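Biologist: Please take a close look at the part where the two protein chains meet, and then follow it outward to whatever else it connects with. A plain account will do.

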Protein chains: 2
Amino acid sequence: MVKKANNIKELAEKLKLSPTTVSRVLNGKSKTFRISSVTSQKVFDGAREYNYSPNRIARGLKLEKTETLGLIIPDIANPYFGSIAKTIEVEAHKRGYSIILGDSLEEVSTEAELLKLLTGRKADGIIIAPAGKKSRHIVEAEQQGIPLVVIDRFLPDTNLPYITTNNYAGALMAMEHLIEMGHRNIACIQGINGISANTDRVQGYCDALRKKGIAINDHYILGNDFGELNGYNQTRKILKMHHPPTAIFALSNLISLGILRALKEEGLKVPDDMSLVSFDEQPYSPFLACPMTTVEQPRNEIGKEAFELLLQIINDKNQENIISKKLMPKLIIRDSVKKFSISN
Amino acid sequence: MVKKANNIKELAEKLKLSPTTVSRVLNGKSKTFRISSVTSQKVFDGAREYNYSPNRIARGLKLEKTETLGLIIPDIANPYFGSIAKTIEVEAHKRGYSIILGDSLEEVSTEAELLKLLTGRKADGIIIAPAGKKSRHIVEAEQQGIPLVVIDRFLPDTNLPYITTNNYAGALMAMEHLIEMGHRNIACIQGINGISANTDRVQGYCDALRKKGIAINDHYILGNDFGELNGYNQTRKILKMHHPPTAIFALSNLISLGILRALKEEGLKVPDDMSLVSFDEQPYSPFLACPMTTVEQPRNEIGKEAFELLLQIINDKNQENIISKKLMPKLIIRDSVKKFSISN
DNA sequence: AAATTTTGCACAAACGATTGCGCCATTCAA
DNA sequence: TTGAATGGCGCAATCGTTTGTGCAAAATTT
């Protein structure tokens with residue numbers, strides 16, 4: 001059996017020192033408190049020998065900071081959020097922070113619970129990708145004084161700091177590509193209405209059409225969920241239209257999977273029977289039946305920037321230079337858009 | 001500004017009660033300590049009115065349990081682990097536990113750090129998908145007394161409790177399908193050698209061949225990583241072989257993506273030029289250029305069972321009925337295997 | 001040699017909860 | 001009327017850290 005010191009008092013006794021001294025040495029305050037280097041060394045050696053590591057709970061209680069960050073995500077199984085979570089965890093770990101992960105299941109009520117839990121657990125800060133439009137509970141949490149950064153979407157009517165993709169620009173790129181390829185009748189299957197990420201993308205969709213003098217057909221904008229099923233259902237609707245579009249702009253990776261499922265059921269091919277551009281590049285995008293043209297969001301940057309911003313809010317007294325950002329996405333052109341030489 | 005009680009003492013003062021009483025009421029011990037129902041009600045109302053929620057850090061310190069579970073995963077961006085993490089988080093949340101997430105980046109050293117961190121943070125238990133073959137640090141953590149469950153892989157030479165897929169059975173199914181379809185020369189691109197999940201799958205590969213009296217060609221078993229690049233590199237090797245196989249059995253979702261990339265570069269088609277079966281069903285599997293035949297692991301069950309098992313270890317004194325499990329996977333047959341009528 | 005400064009460390013009080021024990025008031029039994 | 005039993009709640013110690021303050025001993029100055 002290895003020798004073991006379970007707390008600072010035990011270690012102090014074995015070393016014939018006081019807990020005070022041990023604590024100070026281990027926290028790198030030897031100089032400040034004039035602990036002799038021989039004593040310091042004794043403490044370091046002892047800590048290793050007796051395999052002592054401080055109880056972070058007790059430490060957190062006393063210091064009133066836990067070096068813990070909350071991360072609330074609507075769906076951690078979605079690789080888009082998964083990779084954001086990854087970079088946040090990795091960055092946090094580098095800086096000594098741990099992540100408490102909460103999956104809100106896209107439900108505002110669960111999200112509110114998680115928020116309460118995290119404040120009860122005295123997280124030093126929270127990064128949240130909000131589940132819905134309602135944001136009162138988030139604003140309240142922030143007003144209780146907990147540093148908070150919003151990702152993926154921002155919340156209008158609040159001035160919570162955020163890091164998101166420039167969704168408007170992404171939609172613009174995608175649509176300009178479709179239009180250049182000769183498409184005029186383009187449907188847009190959207191996600192949750194009223195969420196900034198969605199609104200901005202739809203805005204980009206509309207503005208791109210407007211710029212080119214193409215009339216906006218309201219029936220072409222449909223759907224209300226970022227999930228696969230919505231993509232499937234809306235596509236079925238589209239295929240039954242009088243005057244169906246020649247292309248679909250999908251506002252999420254899951255939506256485009258649903259589109260593919262519906263098209264496949266009807267025996268339709270991309271891009272010959274239907275052109276497609278989707279938000280969210282994925283590792284499999286190049287290997288689909290028809291390699292897909294996508295808008296790639298800068299996931300890693302979102303994670304990094306969000307973490308840095310949160311850290312800044314935690315550490316800085318002057319909240320002057322807290323600056324939200326919309327990061328540029330990238331259009332990856334593949335084969336899922338058919339070239340139309342003649343206008344349809 | 002809302003009225004606010006930041007700790008139990010403040011709340012007690014406002015209610016003209018002692019912290020003792022408040023604590024007992026809020027912990028549902030009114031009966032046991034004969035707190036009158038009128039007092040109890042006063043406490044409940046007060047807690048709501050002053051928006052009091054107990055400091056879980058202080059609570060954790062005193063109670064010596066934090067209702068926090070550690071989850072260590074090699075790559076949270078991989079949807080396979082992502083969905084396991086999701087079910088674990090959701091189940092845990094239902095039972096009042098929070099999850100501290102750690103991404104080991106497939107590195108044993110990072111994994112060891114995370115393990116230390118979690119014990120320092122006094123997690124009540126840990127669920128870990130080990131990154132490598134080395135497991136000393138994991139065993140040590142468990143011997144320090146922290147409840148621990150291993151997922152995805154088990155660690156031979158230890159008797160740590162585990163929940164995994166029955167990888168042997170999964171490989172057997174996949175191979176039997178390939179053989180039934182007439183394939184005799186089947187390559188196997190494997191993941192990290194020496195890891196149980198990999199070893200078992202390779203064992204299934206070999207046994208399936210043996211059963212059918214097919215000689216095992218050592219050159220057909222190659223690779224040493226679960227990542228995309230390994231799939232790509234090994235496929236390039238395979239394509240240069242004297243006597244190339246007619247089918248590849250990929251031991252992970254990422255490996256099969258790498259295979260697809262290599263095949264695509266050479267202008268080869270699945271299944272006409274190469275048949276393919278892969279471990280790990282994915283949402284996109286049906287929509288690939290050739291809809292892929294896959295082995296689906298029971299991710300949700302793995303998550304649930306692992307959590308239940310951990311809870312059992314945490315709560316039960318008698319560790320008699322701690323029982324590890326290998327859960328059955330499912331073969332999903334699509335179009336990526338070509339039918340060979342004539343033997344090749 | 002006395003006074004002062006510096007060195008080197010320890011005492012004890014927090015942090016916010018939980019809990020063994022105790023104490024007073026009331027009710028009941030004798 | 002007294003003693004015992006019960007009802008209803010509070011005191012103070014404790015969990016493992018950190019830290020403001022304090023106090024000897026050694027070193028230095030006068």
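Modeller: Across the interface of chain A and chain B, 24 residue pairs are in polar contact, both partners having a pLDDT of 80 or more. That threshold matters here, as this is a predicted model. The same interface holds 4 salt bridges. One of the residues involved is Lys86(A), which forms a salt bridge with Asp103(B); their closest N and O atoms are 3.1 Å apart. Side chains of opposite charge can pair in this way when their charged atoms come close.

On the chain A side, the elements that each supply at least two residues to the surface touching chain B are α4, α5 (79–94), β2 (98–103), α6 (108–120) and α11 (253–265). Among these, α5(A) gives the most, with 8 residues. By residue type, the side of chain A that touches chain B divides into 26 nonpolar, 15 polar and 13 charged residues.

As for extent, 54 residues from chain A and 53 residues from chain B take part in the contact. The size of an interface is often given as the accessible area lost when the parts come together. For chain A and chain B, the buried area is about 4500 Å², with 63% of it on carbon and sulfur atoms. Of the area that chain A buries against chain B, 17% is supplied by Ile57(A), Arg121(A) and Phe287(A), more than by any other three residues.

Strand pairing also crosses the interface. β2(A) is joined by 3 bridges to strand β2 of chain B, residues 98–103, and the two strands run antiparallel. Within that pairing, Ile99(A) stands opposite Leu101(B) in β2(B).

α4(A) deserves a separate look. The N-terminal end of α4(A) is capped by Asn55(A), with a side-chain oxygen 2.7 Å from the backbone nitrogen of Ile57(A). Ile57(A) is also one of the three residues that supply 17% of the area chain A buries against chain B. Just after α4(A), Glu64(A) takes a positive phi of about 55°.

α4(A) also leads to the DNA. With 4 residues, α4(A) provides the largest share of the surface near DNA strand D. There are 28 residues around DNA strand D, and those that come nearest are Ile8(A), Arg59(A), Thr21(B), Arg24(B) and Thr39(B). Of the strand D atoms within 4 Å of the protein, 56% belong to sugar or phosphate, and the rest belong to bases.

Some individual contacts with strand D can be listed. The side chain of Arg24(A) has an N or O atom 2.9 Å from a base oxygen of DNA strand D. For Asn27(A), a side-chain N or O atom is 3.1 Å from a phosphate oxygen of DNA strand D. From the other chain, the side chain of Arg34(B) places an N or O atom 3.0 Å from a base nitrogen of DNA strand D. The elements giving two or more residues to the surface near DNA strand D are α2 (19–26) and α4 (56–63) of chain A, together with α2 (19–26) and α4 (56–63) of chain B. That surface divides into 9 nonpolar, 10 polar and 9 charged residues.

For DNA strand C, the largest share of the nearby surface, 5 residues, comes from α4(B). Of the 29 residues around DNA strand C, the nearest are Thr21(A), Thr39(A), Ile8(B), Ser23(B) and Arg59(B). Sugar or phosphate accounts for 55% of the strand C atoms within 4 Å of the protein, and bases for the rest. A polar backbone atom of Ser36(A) is 2.8 Å from a phosphate oxygen of DNA strand C, and a polar side-chain atom of Lys29(B) lies 2.7 Å from a phosphate oxygen of DNA strand C. A base nitrogen of DNA strand C lies 3.4 Å from a backbone N or O atom of Ala58(B). The surface near DNA strand C divides into 10 nonpolar, 10 polar and 9 charged residues.

Finally, there are salt bridges beyond the interface. Over all chains, the whole structure contains 35 salt bridges. One of them joins Glu308(A) to Arg95(A), with the closest N and O atoms 3.2 Å apart. Glu308(A) lies in helix α12 (residues 299–315) of chain A and Arg95(A) in the loop between α5 and β2 of chain A, so this pair ties together parts that are 213 residues apart in sequence.

Technical notes:
Residues are numbered from 1 along each chain as its sequence is written. Chains are lettered from A and ligands numbered from 1 in the order in which they are written. This is a predicted model: local features need pLDDT of at least 70, side-chain atom pairs count only at pLDDT 80 or more; totals for chains, interfaces and linings use all residues. Side-chain values use heavy atoms; hydrogens and water are left out. A residue is near a molecule or strand if one of its heavy atoms lies within 4 Å of it. A polar contact is a pair of N or O atoms within 3.5 Å; within protein, one must be able to donate a hydrogen and the other to accept it, and residues adjacent in sequence count only if both atoms are side-chain atoms. Ala, Val, Leu, Ile, Met, Phe, Trp, Tyr, Cys and Pro count as nonpolar, Asp, Glu, Lys and Arg as charged, and the others, Gly among them, as polar. Contact means heavy atoms within 4.5 Å. Buried area is the accessible area (1.4 Å probe) that two parts lose on being put together, summed over both. A salt bridge is a side-chain nitrogen of Lys or Arg within 4 Å of a carboxyl oxygen of Asp or Glu. Two strands pair if DSSP finds at least two bridges between them.
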